[in-house]
Amino acid sequence: MQIARVWDAIVIGGGHNGLVCAAYLARAGRKVLVLERRPILGGAAVTEEIFPGFKFSVFSYVVSLLRPEIIRDLDLPGHGLHIVPLESTFNPLPDGDYLATWADSEETRRELYRHSPRDADAMQEFGRLMQRMAMAVKPLLATEPPDPASLHPRELLAMGRIGKHFRDLGERDLHALVKLMTMSSADYLREWFESEALVAAKSASGIIGTFLGPRSPGTAYVLLHHYMGEIDGVFRAWGFARGGTGAVSESIASAARGFGAEIRTDAAVASVIVKGGRAAGVALESGEELRARTVISGLDPRRTFLELVEPADLPSDLVAAVERFRFRGSSGKVNLALSELPDFSALPGAGPHLKGAIAIAPSVDYLERAYDDAKYGDFSRRPFMDIVIPSMIDPTMAPPGKHVMSIFVQYAPYARTGGWDDRSREAFGDAVVDTLAEYAPNIRSAILHRQVITPADIEAVTGLSEGNIFQGELALSQLFFLRPAPQWADHRTPVGGYYQCGSGTHPGGGIMGASGHLAAKAILADGGR
Amino acid sequence: MRYDAIVLGSGPEELVGAASLAGGGRRVLVLEAGPEIGGAAAAEELLPGFRVDPVHADAGFLDPRVLRDLELDRYGLALLAPDPVLAALAEEGGALTFWRDPARTRVAIADRSARDAGRWEAFAERMEAFARILEEVAGRPAPRPAGPLRELAPFLGLGRRVRALGRSDMTELFRVLPLPAYDLLEDTFEDALLKGALGALSVRGLFQGPRAQGTALALLHHLVGSPTGCFGTRTVVRGGVGGLIEALDGAARARGVELRVDSKVERIEIERGRAVSLRLADGSGVAAHAILSGMGAARTLLDLAGPTWLDPDFVHALRQIRCRGGFARIHLALSEAPRFKGLAEPAAGTIVLAPSLDYVERAFDNAKHGEASERPVLEARIPSLADTTLAPAGRHVMSVDARFVPVDGRDSSAGFAGATAGDALADRAVALIAERAPNLPGAILGRKVLLPADMETRYGLDGGDPYQGELALDQLLFMRPVPGWSNYRTPIQGLYLCGNGTHPAGAITGASGRLAAGAVLADLEGHG
């Protein structure tokens, strides 16, 4: 067994949060090593050539939440990050019509007007309100949650500051925020809009990554969470990274290396070495041991607390809290290599709608029925789908004239009755293609290759427990000072020198990088040597 | 002549409000549209000699301050304590019974799961500690976080109460408040029947299944004022809710309150933004310094006062109040008590038929898609077992709530109304109980079914919701009945709200009437 040189900090997991954390630590002059189990970096934010000539953002497929200060601080554009906005949304409907939104707001208004003049008017005010709400919540994304059970003046002060922040919003906005934090996305949107297609299309962002239906309270918050994204200052802009989502990870890795961080792939960590209640380094699966004064886990809370360290070394209430932390992966992915573009009956031809996001979410009832299937242990026979065709924006993703299609699918429950095997995986893929073919009949014949990813596959490949894309549900009982566990929501752990930086920590979820950034701040505040 | 205050409606909260106002030395008139004091809470005769409470399940959680201040025992109020409190009917026959003595409940649970029995008392105690916090919240006006700073003072006291729970229970409280009951119960217990029964209680007052966030809070909500572990049965009054009305009627009259029935109010007259008088259906008018309405925020402000004086945002908020009762009430007059297979004791408290959490969730699935539940969740009571005043000797009354029934046209492709639909649902409910109590169908002397639409038209309960507003997280505390208007006042001076649609809600408590009267008295004094 060889004893390697001593690092200031070792980051376990080369996902985007681990890389962000490493980059900030390296920027502050720390000697940092990132260890990634897979041969490629990025965790769930990777681009891979699954079929020759066809590149896929295999798991995570759109970018929006990545914090602007991180992009600035790490100069990610200088490291090759180029985000192209997705300018339209297109929802084909079963009656042959469709609902779309376009880059040109006047065009969008005309389109909404066609469905409901009232909704077209309401949309303006709704957009302004959601922007204010996102602004109201954003300061919390960059703040460590205080511990409400502590009497420490620092914590009380922090609580007071948060209280004041919300009071300062004023009565009207505060009440709107309470509604968003507690209501279902369908109920909330119905307060604003009357068109079923519009309510369904919008409420779909409230169910992404959750094991909830659009009528379940709590989904309005997830809706808001998805509104917090901005690209170049434009709110609610979803983008596609040139080169796929892996390019996001690569640019952060490049920035980290630029600050002097070292990154090793094919380096699976077996455990964190704890000596005298303090982290002392990590042991790799290869048997190699690496020393460091600080160890940061970018993995999810279950792995961070129950697998990398001995639960016996932790307080029992933390172990209990992590054991009941809910993952319940609910989404899958189908990646298609296509010989030609899909031809939607509702809007035939290769129009601009194929450059944006395409969703199969025709009604709230449809989404609820998809959820019902999953509640009782099976994938949705007619699922919700969020589709992008990256090759329409970045032609390098597919051979000339051909295309790649990324389909995010819900619901596919991790705990499927009877489990997941090759047969159920393909049956799930068939349900997706069959449903899509109802709207774009040429899709079947256009498929050259098909990759179907179940939550069990997400877990096996990326290590995300139960395949949950957010490293744990974004439910009220798992947010802020409860994420991932009471008293340990500040990216620290009971083991000295051991930190957590994955999206299973505050503020969680999506390619945001905020967890990695906050963890780096906590480490540096503690001295971090 | 001008009254100091006129109270619209004569339900429990309105009567408490009226008596409290009169107790404060004010001249008070109560106007009831129907022929009897009590409104929807008045007892009805199903058949001669068979008395039922049309829409209320029990007398809720009577605020001890109300009982004390109004000396209700002097006016005939007698509290009963049926035991067992809850019987959860098992599919295989028999039942899991919950008793006033938690140790006895533990023994009952042990028959089904030793692990759950071991966890029961700690769970019941923790839930009770949480319910005590909610009780604290229920007894005072809901502080408005964006309101004047002085309103925040009670927060500090409450904060101390919460801290007194200790770190572990305190953080658990924060976790549980927004949690789905499904998760709370799955985290704690393994026995499907135990989880199903508590899951059924967690959706009372909600149009949701137990997987919805906020249902754990609803479960706690219905525990406020109950002894440890007494899920499902709260205050039971001799004579039913009707008996409570009689006592309140007595207390109000003794304080000089004037009560008039058959007095339908057509319009609240407003002058320069101030409510000044009422116009009745018979054309007469009556003036008052203050008007306190228990008719629901939307009915009072939109139908009686009219939107002219209201800000459009406020009108919008009134229209968004979600009232989704989601259940049918089936009243039965019986020649004999149902005999449940495998159940030695008569089921004196609440009887629940919900064998598993999935059963409850599936029952909701039907309603969410616009159909009545194929296999409804049933919550039944046979109050005459403990209270012989409700039925002729040897005979009984039974009331069954069948969940779920779709309410809101917006939420379903098909509406749900009409005698046929109600009868079909009642037949299914009776058949489900008859599987466990075969003598039931033959014992039925009379039957009456109330669908949400009936509760709306007959008792003025929008959406058939006896709580006048779903007990959802966004419709509680300072969000109830309208965000920012939780202090019983309205944008129209001199017009006040009380009743279940206002804080604290969720049951008959008397607290809303008492607190609203406090607001009226404070303002009247301000005016001299």
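**Exercise 1. Find the residue that stands opposite B:R329 in strand 16 of chain B, and place strand 16 in its sheet.**

Solution. In this predicted model, B:R329 faces B:D401 across the pairing with strand 16 of chain B.

- Step 1: B:R329 takes us to strand 13 of chain B (residues 327-334), which pairs with strand 16 of chain B in the antiparallel sense over eight bridges.
- Step 2: now look at the pairing with strand 15 of chain B. Strand 16 (residues 396-403) and strand 15 of chain B are antiparallel too, with five bridges, and here B:R403 sits opposite B:V377.
- Step 3: put the strands in a row. The order is 7-6-14-15-16-13-17 (chain B), an open sheet of seven strands with mixed pairing.
- Step 4: check the ends. Strand 7 (95-98) and strand 17 (444-450) of chain B are the edge strands, and each pairs on one side only. From one strand to the next, the twist averages 20°.

**Exercise 2. Work out how many residues of strand 15 of chain B are buried, and which way they point.**

Solution. Start with the count, then sort the side chains.

- Step 1: strand 15 of chain B covers residues 377-381, and five of its five residues are buried.
- Step 2: recall the general pattern. In a regular strand, side chains alternate between the two faces of the sheet.
- Step 3: sort them. B:V377, B:E379 and B:R381 point one way, while B:L378 and B:A380 point the other way, and all are buried.
- Step 4: add the partner strand 14 of chain B (residues 350-353), which runs antiparallel to strand 15 of chain B and is joined to it by four bridges. One such pair is B:L353 with B:L378.
- Step 5: look for a helix on this part of the sheet. Helix 8 of chain B (residues 192-202) lies across strand 6 (86-89), strand 7, strand 14 and strand 15 of chain B. Helix 8 of chain B runs at about 120° to strand 6 of chain B.

**Exercise 3. Give the strand order of the open sheet in chain A, and say which strands are left without a neighbour on one side.**

Solution. Go from the order to the edges, then to the helix on top.

- Step 1: the order reads 7-6-16-17-18-15-19 (chain A), for an open sheet of seven strands with mixed pairing.
- Step 2: strand 7 (98-101) and strand 19 (447-453) of chain A each have a single partner strand, so one side of each lacks a neighbour in the sheet.
- Step 3: the average turn between neighbouring strands here is 20°, ignoring direction.
- Step 4: zoom in on one pairing. Strand 17 (residues 384-388) and strand 18 (residues 403-410) of chain A are antiparallel, with five bridges, and A:V388 stands opposite A:S406.
- Step 5: add helix 16 of chain A (residues 455-462), which packs on the sheet and touches strand 15 (331-338) and strand 19 of chain A. Its direction makes about 80° with that of strand 19 of chain A.

**Exercise 4. Describe how helix 11 of chain B meets helix 12 of chain B.**

Solution. Geometry comes ahead of residues here.

- Step 1: the axes of helix 11 (residues 297-305) and helix 12 (residues 312-319) of chain B come within 9 Å and cross at roughly 135°. That angle makes helix 11 of chain B oblique to helix 12 of chain B.
- Step 2: the crossing is left-handed.
- Step 3: helix 11 of chain B brings B:A297, B:A298, B:L301 and B:L302, and helix 12 of chain B brings B:F314, B:V315, B:L318 and B:R319.
- Step 4: by class, this contact has seven nonpolar, no polar and one charged residues.

**Exercise 5. Decide whether A:T182 is buried or exposed, and list what it touches.**

Solution. Find its place, then test it against the cut-off.

- Step 1: A:T182 belongs to helix 6 of chain A (residues 171-182).
- Step 2: buried means under 20% relative accessible area. A:T182 has 11% relative accessibility, so it counts as buried.
- Step 3: leaving out residues up to four places away in sequence, A:T182 touches A:P217, A:G218, A:L476, B:L473 and B:D474.

**Exercise 6. Say how many residues of helix 9 of chain A are buried.**

Solution. Helix 9 of chain A (residues 219-227) has nine of its nine residues buried, so it is largely enclosed by the rest of the structure. Among them are A:Y221, A:H225, A:H226 and A:Y227.

Terms used
Residues numbered from 1 in each chain as written. Chains lettered and ligands numbered in written order. Predicted model: local features only at pLDDT ≥ 70, side-chain atom pairs only at ≥ 80, totals over all residues. Heavy atoms only, no water. Axes fitted to C-alpha atoms, helices over the stretch in contact; angles between N-to-C directions. Helix = DSSP H or I, 4+ residues; strand = E, 2+ residues; numbered from the N terminus. Parallel < 35°, antiparallel > 145°, perpendicular 65-115°, else oblique. Left-handed = near helix turned anticlockwise from the far one by under 90°. Contact = heavy atoms within 4.5 Å. Nonpolar A, V, L, I, M, F, W, Y, C, P; charged D, E, K, R; others polar. Pairing = 2+ DSSP bridges. Buried < 20%, exposed > 50% of the residue type's maximum accessible area, 1.4 Å probe, protein only.
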